[in-house]
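Colleague: Please take a close look at the ligand site for me. I would like the contacts spelled out.

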Amino acid sequence: MRIGVLTGGSDCPGLNAVIRAVVRKGVQDHGDTFTGFRDGWRGVLTDDAMELGIPEVRGTLPRGGTVLGSSRTDPLARPDGPARVRATLEARRLDGLVVIGGIHTLTAAATLADEHGIPCVGVPKTIDNDISGTDYTVGFDTAVGVATETIDRLHTTAESHKRVLVVEVMGRTSGWIAIHAGLAGGANGVLIPERPFDLDRVCGWVASRFGASYAPIVVVADNARPAGEPVRLGGLSGIGEWLGREIEHRTGHESRATVLGHIQRGGTPSPFDRWLATRFGLHAVDAVHDGAWGQMVALHGQDVVRVRLADAVATVKTVDPARYAENEVFFG
Ligand code: F6P
């Protein structure tokens with residue numbers, strides 16, 4: 001078969017591992033040829049592509065980012081988008097597309113497959129882990145690892161100076177990175193978008209932690225907000241810095257904020273992400289050969305299964321109260 005591949009949306013560690021597995025399995029087992037589109041859907045709309053063979057993917061397993069480049073281009077944002085996608089596939093005589101992306105990229109793939117008959121198979125990736133059709137997305141485990149190592153390091157400097165350390169992590173509208181890294185790193189408070197927080201309660205955790213003569217670490221997801229009045233960040237870089245200032249002001253304990261930002265998204269993928277990405281890539285090629293268009297590969301337990309793309313992206317996967325309650329045991 002002749003197969004196109006693209007990576008869309010925010011990059012994350014493990015994208016190259018997916019591409020490598022797709023190409024290795026397709027070339028070796030089926031004699032497939034591959035076209036890699038540059039910068040996500042942009043490359044398909046403008047027919048900007050490169051040939052992808054085993055030499056192009058060799059050595060890329062541990063490399064972060066994506067050899068194909070990425071963008072947030074939405075092929076459905078323009079009326080002629082679906083026609084242009086179809087024209088590119090026809091001009092290159094491609095039988096199908098492997099679309100590696102997060103919610104937005106995969107939502108476009110679902111619509112193109114279901115409503116326009118464009119043959120797409122999806123692979124879920126995002127550090128946010130917010131795609132409901134799969135237990136885990138490629139990139140999440142690496143981001144949690146980086147955030148956990150950061151918390152470990154901040155514990156020692158916080159204790160030396162008897163300071164409060166606030167760590168701001170990413171996650172869009174979901175608190176998955178925050179609750180996983182918070183649990184793994186022994187945070188004394190974790191604040192997530194799904195649960196507007198009470199600042200007095202957070203200050204209570206800080207005070208009780210100092211009472212036990214340990215310095216507190218508070219993890220805050222970048223979209224977590226206090227209940228009630230909207231926060232005015234006015235000159236501050238984000239919620240982490242705002243929270244650090246508020247805690248210092250209200251408790252009298254010196255506070256510092258660390259914003260992890262894109263450090264979570266860069267660099268080499270963790271062993272779990274390499275394992276997941278490689279398995280997703282292998283199963284995506286099987287799905288293409290089975291003509292499983294409009295489907296996404298997904299991890300359910302230990303098994304890689306297929307789910308309908310449109311169902312997988314229909315709702316954002318968020319942290320439920322029971323999961324948050326597990327973290328709450330360690331607050332304060
Ligand atoms: O979706 C991944 C993500 O890193 C989010 O956690 C974050 O809100 C967003 O992308 C940041 O996007 P950008 O790299 O465009 O600033």
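Modeller: Here is the ligand site, followed by a helix for context. This is a predicted model, where local features need pLDDT of at least 70, side-chain atom pairs count only at pLDDT 80 or more, and totals for chains, interfaces and linings use all residues. Residues are numbered from 1 along each chain as its sequence is written, and side-chain values use heavy atoms, with hydrogens and water left out.

Start with the surroundings. The residues around the ligand (a heavy atom within 4 Å of it) are Ser 10, Arg 72, Ile 127, Asp 128, Met 170, Gly 171, Arg 172, Asp 222, His 262 and Arg 265.

Now the polar contacts (pairs of N or O atoms within 3.5 Å). The side chain of Arg 72 places an N or O atom 2.7 Å from a ligand oxygen. For the side chain of Arg 265, the distance from an N or O atom to a ligand oxygen is 2.8 Å. Gly 171 uses its backbone: a polar atom there is 3.2 Å from an oxygen of the ligand. The ligand alone exposes 400 Å², and the protein buries 71% of that (Shrake-Rupley method, 1.4 Å probe).

Next, the helix. H1 (helices are DSSP runs of H or I, at least four residues) covers residues 15–30. Its 16 residues reach 22 Å from first C-alpha to last, close to the 22 Å expected at 1.5 Å a residue (1.5 Å times one less than the number of residues). Its buried residues (under 20% relative accessible area, 1.4 Å probe, protein chains only) include Leu 15, Val 18, Ile 19 and Lys 25. Gly 31 follows H1, with a positive phi near 70°.

Note on methods. Helix = DSSP H or I, 4+ residues; strand = E, 2+ residues; numbered from the N terminus. Buried < 20%, exposed > 50% of the residue type's maximum accessible area, 1.4 Å probe, protein only. Polar contact = N/O pair within 3.5 Å; in protein donor to acceptor, adjacent residues only side chain to side chain.
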